Amino acid sequence: MKNNILKYLFSLSILLFVGCTNELDTEPKVELSLEDLLAQDPNAVEGILSRLYASFALSGADGPGSSDISDDPGESPFLRGIVNLQDFTADGMKNRWGDNGLDQLTTTSDWNSENKFFRYMYNRIFFTIPQCNNLLSILENVDVDNKEQILAEVRFIRSLAYYYLIDVFGKGVLATQENFGETNPLPEASRQELFDFTEAELLAIQSSLPATNTYGRATESAAAMLLSKLYLNAEVYTGTARYNDAATYLNVVIASSHTLADDFVSLFSADNNTSNEIIFPLIADAVVSQSFGNTTYIVNGNLNSDTMPLSEFGATEGWGGHRASKGWYGLFGDLSTSNDVRASLFWTEGHEYEMTDYTTWTDGYPSIKFRNTNFNGTSLASSFSSTDFPLFRLADAYLMYAECAVRGASNANMNDALTYVNSVRTRSNADAIGMGDLTLSFLIDERGRELNLEGHRRSDLIRFGMFTGGSYLWPWKGNTLNGTSIPSTYNVFPIPSTALQANPNLTQNLGY
């Protein structure tokens, strides 16, 4: 079952809380120390590992009202932060709530270190990393079955958290099992230092991860995909392009057993745990893993009973917050005549094409890409979503490979790239393209058509030089209706003031 990864989550009474506004306060507060627990029951490592994976999808171990960090359990979960910071700050999705800082994200304007949504993401990152360090330090002295693989999985989880630190904040501290429990403030680590550490970790664990694993756990392909993303964005992160290296590990992903799903909609339905296209999911379950921050945030946030039938999408609640803008659905041309299945995944009835006022529900089209209904068979509507979030999937790897080829990677073949892109397109009944169409301009648009609302768009626009400045405008960029130029400082977010106060070695990003 899809929730096997969480089967121990609510039966273990461990409190793995770390003070997260100070990433140096890494002394765990537990009812029973992990070392004692594992000494008594080595099999408990499976539940502890499940808890680490769940830190990306859930707010806390005691249901949707609990929180691992001292922040709002509804607003602060990791996946909710990925959507807020990667999709609402970009061209395709907007939120209308405001919520004391959400307006600044959705209009890419007035960013500052006091915005709670930056704090939420920073705190989630520095909840996950110290918990990984804690377990890694203990496992050095405890015997458990399959220890090498368990260690590799924990290092993968930590690397994933570091990837988001590198991408969204650009710097931080390098907390590892070697300095776990250090009482003095750790020095600031640059983007290059964080990149080098994460790269080395992912390279080191490749051979220790299995080709297949329990659903929701890391595999060789998941680590290769994360490494590919690190290399694909290396020029942004370090100033040095690494497209050859990205292609090397994309070839590992593509050569794996993963295959494209036959139907695009199946990837975003409540039974998507059966999809062989998904390389690494963040698990959701309407009963076992309830959260206001996993795909419940996406499904319910895009629904409103004022204009939409909630039950059609398996929901009992519509929060009326999110709508796509023409920055997304405009990529398909005329939606009413497009043969692309992906163009049909917007709710247009009762809504305006132009987002004249992003705070008005009927301005813009809600995305119905994610839904809480089974693709195969019947399902019951529920308050929470059972649709897993496909953090990594094969179609993304295909488009990444094509980008590497177009950017001149010596180990990415243009003929293969064209085949992969057309596989993605024809799966959705879109017209195949010719070699002359396979350009960077086409690829950034195709990534929008295929991957919007999956936590990639801001990073993609930055890599293509389209996020800041005024060469590419979208509705409400810079808090104006038709968009305006924003400064290059916005390519990273400000370091939260709470983090600066907790560690005097940290400095603010330039421009904030």
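**Figure 1. Surroundings of Asp167 in the predicted model.** Leaving aside neighbours within four places in sequence, Asp167 is in contact with Gln86, Arg191, Tyr237, Arg458, Ser459 and Asn491. This view, like those that follow, is taken from a predicted model. Asp167 belongs to helix α6. Its relative accessibility is 3%, so Asp167 counts as buried. With one of these partners, Arg458, there is a polar contact between side chains, at 2.7 Å.

**Figure 2. Helix α6 and the residue that follows.** The 23 residues of α6 reach 33 Å from the first C-alpha to the last, close to the 33 Å expected at 1.5 Å a residue. Most of the helix is covered, with 19 of its 23 residues buried. Just after α6 comes Gly170, which takes a positive phi of about 80 degrees.

**Figure 3. Packing of α6 against α8.** Helix α8 spans residues 220-232, and its axis lies 11 Å from that of α6, at an angle of about 20 degrees. An angle under 35 degrees counts as roughly parallel, and α6 and α8 are therefore roughly parallel to each other. The crossing of α6 past α8 is left-handed. On the α6 side, the contact is made by Phe156, Ser159, Leu160, Tyr163 and Ile166. On the α8 side, Ala222, Ala223, Leu226, Lys229 and Leu230 take part.

**Figure 4. Packing of α7 against α8.** Helix α7 covers residues 191-205, and its axis and that of α8 come within 10 Å and cross at roughly 155 degrees. That angle makes α7 roughly antiparallel to α8, the cut-off for this term being over 145 degrees. Here too the handedness can be given: α7 and α8 form a left-handed crossing. From α7, the residues that meet α8 are Phe195, Thr198, Glu199, Leu202 and Leu203. Their counterparts in α8 are Ala223, Leu226, Leu227, Leu230 and Tyr231. Ala223, Leu226 and Leu230 of α8 are also among the residues in the contact with α6.

**Figure 5. Asp71 and helix α3.** Asp71 sits in the loop between α2 (45-54) and α3 (78-86). At 10% relative accessibility, Asp71 counts as buried. Not counting residues up to four places away in sequence, Asp71 touches Ser76, Arg119, Tyr120 and Asn123. In the helix after this loop, α3, nine of nine residues are buried. They are Phe78, Leu79, Arg80, Gly81, Ile82, Val83, Asn84, Leu85 and Gln86. Gln86 of α3 is one of the contacts of Asp167.

**Figure 6. Asp99 and Asn100 in the loop between β1 and α4.** Most residues other than glycine have a negative phi. Asp99, which is not a glycine, has a positive phi of about 45 degrees. The loop that holds Asp99 runs between β1 (93-95) and α4 (102-106). With a relative accessibility of 30%, Asp99 counts as partly exposed. Asn100 is found in the loop between β1 and α4, and at 63% relative accessibility counts as exposed. Leaving out residues up to four places away in sequence, Asn100 touches Lys116 and Phe117. Asn100 and Thr498 are 398 residues apart in sequence, and their C-alpha atoms are 17 Å apart in space.

**Figure 7. Asn146 in the loop before α6.** Asn146 lies in the loop between α5 (116-139) and α6 (147-169). Its phi is near 55 degrees, a positive value in a residue other than glycine. Asn146 counts as partly exposed, because its relative accessibility is 47%.

**Figure 8. Helix α14 and its two ends.** Helix α14 runs over residues 414-427, and its 14 residues should span 20 Å at 1.5 Å a residue; the end C-alpha atoms are 20 Å apart, which agrees. Asn413 caps the N-terminal end, with a side-chain oxygen 2.7 Å from the backbone nitrogen of Asn415. Just after the helix, Asn429 takes a positive phi of about 70 degrees.

**Figure 9. Buried residues of α14.** Within α14, the buried residues include Ala417, Leu418, Tyr420 and Val421. Asn422, Val424, Arg425 and Arg427 are buried as well. The buried residues of this helix pack against three helices and a strand, namely α10 (243-254), α13 (394-406), α15 (440-451) and β6 (389-393).

Terms used
Residues are numbered from 1 along each chain as its sequence is written. Side-chain values use heavy atoms; hydrogens and water are left out. Helices (H or I, at least four residues) and strands (E, at least two) are DSSP runs, numbered from the N terminus. Buried means under 20% relative accessible area, exposed over 50%, partly exposed in between (1.4 Å probe, protein chains only). The expected span of a helix is 1.5 Å times one less than its number of residues. A polar contact is a pair of N or O atoms within 3.5 Å; within protein, one must be able to donate a hydrogen and the other to accept it, and residues adjacent in sequence count only if both atoms are side-chain atoms. Contact means heavy atoms within 4.5 Å. Axes are lines fitted to C-alpha atoms, for helices over the stretch in contact, and angles run from 0 to 180 degrees between N-to-C directions. Angles under 35 degrees count as roughly parallel, over 145 as roughly antiparallel, 65 to 115 as roughly perpendicular and the rest as oblique. A crossing is left-handed if the near helix is turned anticlockwise from the far one by less than a right angle, and right-handed if clockwise.
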